[in-house]
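Reader: I am new to this structure and would like to know how its labels are justified. Please show it to me before I ask.

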Amino acid sequence: MMQLTIHDIAFGGKGVGRSDGLVVFVPFVIPGETVNVDLKRKKKNYAEANLVSVETASPDRAIPQCPYFGRCGGCAYQHIEYPAQLAIKAGQVEQTLRRVGKQTEVPMRPIIPSSKPYGYRNRIRVHVIEGVIGFYALDSNNLLDIEQCPIASGEVNERLAGLRARRMPDGDYTLSEQRKKGFFEQTNNDVAQKMLDLVGTLLTPGGSLVDAYCGAGFFAQHLRERFDQVVGIEENEYAVTHAQSHAAPNERYLAGDVGEHLARVLTETGETSLILDPPAAGVTESVIQAILDSRPREVIYVSCNPGTLARDLARLTPVYRLESVTPLDMFPQTAEIEVATHLILRD
Ligand SMILES: C[S@@+](CC[C@H](N)C(=O)[O-])C[C@H]1O[C@@H](n2cnc3c(N)ncnc32)[C@H](O)[C@@H]1O
């Protein structure tokens with residue numbers, strides 16, 4: 001047992017304290033708090049601890065709305081008032097771009113909040129094992145039986161109740177407001193719309209839009225009227241078929257790897273605005289190289305992982321000026337962060 005003062009929150013949501021020079025990570029705490037913790041695991045450079053009690057509470061401490069909070073592996077921040085959650089996430093983005101991305105100037109814009117801090121998820125994925133229906137417990141492979149998920153919408157929770165009323169075979173089940181289509185779709189409708197509006201205001205109209213990692217054309221189809229031509233690149237064939245079936249005459253979609261197609265597409269399009277919205281791993285070296293060779297006039301890089309975003313921006317910013325960085329709170333109560341960055345080709 002030891003007492004710590006928390007001075008930061010690391011990615012993933014754990015608080016950071018120090019004891020005798022040792023960095024200690026502890027969940028469910030807030031910067032500024034003094035807490036009593038129980039050492040769980042000690043490594044060479046850091047330790048992990050469980051929270052035992054809060055000695056001095058932060059004014060930002062909130063009452064979690066979920067009875068499973070603290071045991072469920074899904075949420076990390078229900079104990080923090082929503083405005084303070086937003087400030088923590090915005091600070092993490094800025095610090096990561098400075099430390100990992102080696103950016104001396106980080107032109108942060110205010111974080112875009114979710115109008116619903118709870119009840120925002122339009123789908124959840126639950127697991128069924130021998131009659132237990134729910135999510136995996138924190139830091140564990142044990143399944144936690146869940147009756148309701150307060151970050152999911154009412155409709156999704158009705159589907160969960162329906163699933164629980166039946167005897168379901170073991171497996172994973174996606175419970176969604178919409179019919180499952182077999183490709184990536186945004187999870188928080190309100191923040192997804194705000195992200196579309198933001199990207200729409202950032203981009204220069206006219207010329208070509210290349211939407212790389214386009215899914216079913218989420219950005220491309222919203223923005224197509226502002227460009228002479230739109231090209232989407234996506235490896236999921238269901239998404240490409242869906243996008244193509246809703247395409248306007250100035251819009252086309254390529255099925256395949258962005259790393260393989262981007263260089264050619266960029267040489268075929270002139271006056272190009274490029275959107276990158278890759279998975280958490282970020283983009284590959286061939287994508288970076290295609291951009292550095294063809295130099296589209298601007299890049300919107302949307303990321304769900306500030307670490308890989310920072311790594312990729314460090315490669316692009318010798319040629320591109322980082323114009324703006326806007327975090328979006330797509331997943332309130334969780335440690336997940338979404339960021340939209342705008343890069344403009346230097347003179
Ligand atoms: C974060 S999602 C974004 C999708 C879309 N922009 C949207 O907002 O709905 C990333 C997308 O990249 C696709 N993807 C992943 N790796 C890829 C690759 N190497 N080449 C092309 N698409 C890829 C995934 O199938 C997924 O649809």
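Reader: What makes the pair formed by a side-chain atom of Gln186 and an oxygen atom of the ligand a polar contact?

Author: This is a predicted model. In it, a polar side-chain atom of Gln186 lies 2.7 Å from an oxygen atom of the ligand. A polar contact is a pair of N or O atoms within 3.5 Å, so this pair qualifies.

Reader: Which other residues have polar atoms at such positions, next to a nitrogen atom of the ligand?

Author: Tyr213 has a polar backbone atom 3.0 Å from a nitrogen atom of the ligand. Asp257 has an N or O atom in its side chain 2.9 Å from a nitrogen atom of the ligand. The ligand taken alone exposes 600 Å², and the protein buries 86% of that.

Reader: How many residues surround the ligand, and how do they divide into nonpolar, polar and charged?

Author: The ligand is surrounded by 15 residues, and the closest are Gln186, Glu234, Asp257, Val258 and Asp277. The shell divides into seven nonpolar, four polar and four charged residues.

Reader: Why is His261 called buried?

Author: His261 has a relative accessible area of 16%. Buried means under 20%, so His261 is buried. His261 is found in helix α6, residues 258-268. Leaving aside neighbours within four places in sequence, His261 is in contact with Ile233, Leu254, Ala255 and Gly256.

Reader: Why is Arg164 called partly exposed?

Author: The relative accessible area of Arg164 is 26%. Buried means under 20% and exposed means over 50%, so 26% makes Arg164 partly exposed. Arg164 lies in helix α2, residues 154-165.

Reader: What does Arg164 contact, leaving aside its neighbours within four places in sequence?

Author: Arg164 is in contact with Ile133, Asp145, Ile146 and Glu147, with neighbours within four places in sequence left aside. For Ile146, the backbone oxygen lies 2.8 Å from a polar atom of the side chain of Arg164. Pro110 is 54 residues from Arg164 in sequence and 41 Å from it in space, C-alpha to C-alpha.

Reader: Which residues of helix α7 are buried, and what covers them?

Author: In helix α7, residues 285-294, the buried residues are Val287, Ile288, Ala290, Ile291 and Leu292. Their cover includes α6, β14 (272-276), β15 (298-303), α8 (306-316) and β16 (320-328). Helix α6, which holds His261, is thus one of the elements listed over α7.

Reader: What phi does Arg295 take, just after α7?

Author: Arg295 takes a positive phi of about 50 degrees.

Notes:
Residues numbered from 1 in each chain as written. Predicted model: local features only at pLDDT ≥ 70, side-chain atom pairs only at ≥ 80, totals over all residues. Heavy atoms only, no water. Helix = DSSP H or I, 4+ residues; strand = E, 2+ residues; numbered from the N terminus. Buried < 20%, exposed > 50% of the residue type's maximum accessible area, 1.4 Å probe, protein only. Contact = heavy atoms within 4.5 Å. Near = heavy atom within 4 Å. Polar contact = N/O pair within 3.5 Å; in protein donor to acceptor, adjacent residues only side chain to side chain. Areas by Shrake-Rupley, 256 points an atom, 1.4 Å probe, with all protein chains shown as cover. Nonpolar A, V, L, I, M, F, W, Y, C, P; charged D, E, K, R; others polar.
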